[in-house]
Structures are given as C-alpha cells and as structure tokens.
Amino acid sequence: MKPVLAASLILMLTGCASVENPTTLQFDQVQLTKSAEVLTAEPEARPKYILDSRAEIEIEDQSGDGASVAVEFARVERGAAFLVILNQAGQILGAAPIDPQSQPVTVVLTSPLTKSQELSAQLRWDDGDGVLNLDTDPILVEEHEDDVAESFWYEVTGG
C-alpha cells in the first residue's frame, strides 16, 4: 500500500504545481510602433525680477572720453550677475560680468559716447549661461522691490 500512496501523492503534487498555458515572448514577436502623441515640454516661465536684498551699486558722476564708465563697486549676494550701463532711452551701452564682490568695475562701452548725458547702471542676475540677455537675465531688486540701479551724469571731455 505504501507504493500506491506515494504514487498518488506525487500525482497530486504534480497537478498542483503545473501551469496552464505558460507564455513566453520571443524578441521577433514584439512590435514597436510610433506613437501619434508627441510630448513637448513647455519652457518654464522666467522671472522678470529677482530679489537680492544685499545688491548695491556705488557710482559717481564722472567725466572721460566716453569710451568707458568707472564704477566704485557693485555687490550681489545671489552669485554671478551683470553690471549694465544704459542711456535714458533704455538702450544698453555696455555691460560687465561681476561676482558677489566686485570693486572697482570698469565697463567698456560698445560705442563711445559723443555727448554728455545722464546714464544709469543696473544689476541683472546671470541665468547661468554667462551671456547677457535681457529676455532671460532678470533685473535684481532690493527688498523694497526697487531695481538695483543708480543714475549718474557722464561728462564727455576732450576733442
């Protein structure tokens, strides 16, 4: 009786462990299809202003040949930035990269001034590419949300 019991037990266990219809995929059975839906990433909105409560510019009225502007110091806390010189119409006359503590700074103008005029110096935060771009490099503002900028008079001297 023992052999019959053992054979019955083996048949029962084999039946319990069997898998019905095992599925195996071969590589040549897989089909890749092109999706009609294309996902695009929306460009993230860039801020127009960035707060830097310790940002500061110190510049005095000055005179010179119109080729450059001397800035006593420019300070930023948020990292790399640009010191930008603008005319009253808002056109960029020149710019210089600055780091958190730059003293003094000389900004060479892209084309020399030919007449005396009021100019302004403004700080813009570098978005990380090292290139000044008015569309992507936000204006630094102090804690009262005023632009970190200072106006000054530039007197063109000589010929």
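Let's start on strand β4 (68-71), where the side chains alternate: Val69 and Val71 point to one face and are buried, whereas Ser68 and Ala70 point to the other face and are not. Buried here means under 20% relative accessible area, exposed means over 50%, and partly exposed lies in between, with a 1.4 Å probe and protein chains only. Strands, for their part, are DSSP runs of E with at least two residues, helices are runs of H or I with at least four residues, and both are numbered from the N terminus.

Before going further, a word on the model: it is predicted, and local features need pLDDT of at least 70, side-chain atom pairs count only at pLDDT 80 or more, and totals for chains, interfaces and linings use all residues. Residues are numbered from 1 along each chain as its sequence is written, and side-chain values use heavy atoms, with hydrogens and water left out.

Now back to β4 and its partner. Strand β9 (residues 105-108) pairs with β4 in the antiparallel sense over four bridges; two strands count as paired if DSSP finds at least two bridges between them. Across this pairing, Val71 stands opposite Val105 in β9, while Ala70 has Thr106 as its bridge partner. The side chains of β9 alternate as well: Val105 and Val107 point to one face and are buried, and Thr106 and Val108 point to the other and are not. The opposed residues Val71 and Val105 are thus both among the buried ones, whereas neither Ala70 nor Thr106 is buried.

Let's step back to the whole chain. The protein has one helix and twelve strands, and from the N terminus on the helix comes before the strands, in the run α-β-β-β-β-β-β-β-β-β-β-β-β. Of the 159 residues, 30% are buried.

Next comes an open sheet of three strands, in the order β2-β5-β8 with antiparallel pairing. As a reminder, strands of a sheet pair through backbone hydrogen bonds, either parallel or antiparallel. At the edges of this sheet are β2 (56-58) and β8 (101-102), each of which pairs on one side only. Strand β5 (residues 73-75) is joined to β8 by two bridges in the antiparallel sense, and Ala74 stands opposite Ser102 in β8.

The β2 and β5 strands also take part in a side-chain contact. Side chains of opposite charge can pair when their charged atoms come close. The structure holds two salt bridges, each defined by a side-chain nitrogen of Lys or Arg within 4 Å of a carboxyl oxygen of Asp or Glu. In one of them, Glu56 pairs with Arg75, with the closest N and O atoms 2.1 Å apart. Glu56 lies in strand β2 and Arg75 in strand β5, so this pair ties together parts that are 19 residues apart in sequence. Glu56 is partly exposed, at a relative accessible area of 29%, and Arg75 is also partly exposed, at 29%.

Glu77 forms a salt bridge with Arg54, with 3.3 Å between the closest N and O atoms. This pair links distant parts of the chain, 23 residues apart: Glu77 sits in the loop between β5 and β6 (81-86), and Arg54 in the loop between β1 (49-51) and β2. Glu77 is partly exposed, with a relative accessible area of 48%, while Arg54 counts as exposed at 55%.

Moving along the chain, we reach a hairpin. Strands β6 and β7 (residues 92-98) pair in the antiparallel sense over six bridges, one of which joins Leu86 to Ile92. Five residues lie between the strands of this hairpin, and Gly90 takes a positive phi near 90 degrees.

Two residues further on make contrasting stops. Ser120, in strand β10 (residues 117-125), is buried, with a relative accessible area of 14%. The C-alpha atoms of Ser120 and Val84 are separated by 8.2 Å, although their positions lie 36 residues apart along the chain. Thr114 is found in the loop between β9 and β10 and counts as exposed, at 76% relative accessibility. The C-alpha atoms of Thr114 and Val156, 42 residues apart along the chain, are separated by 6.8 Å.
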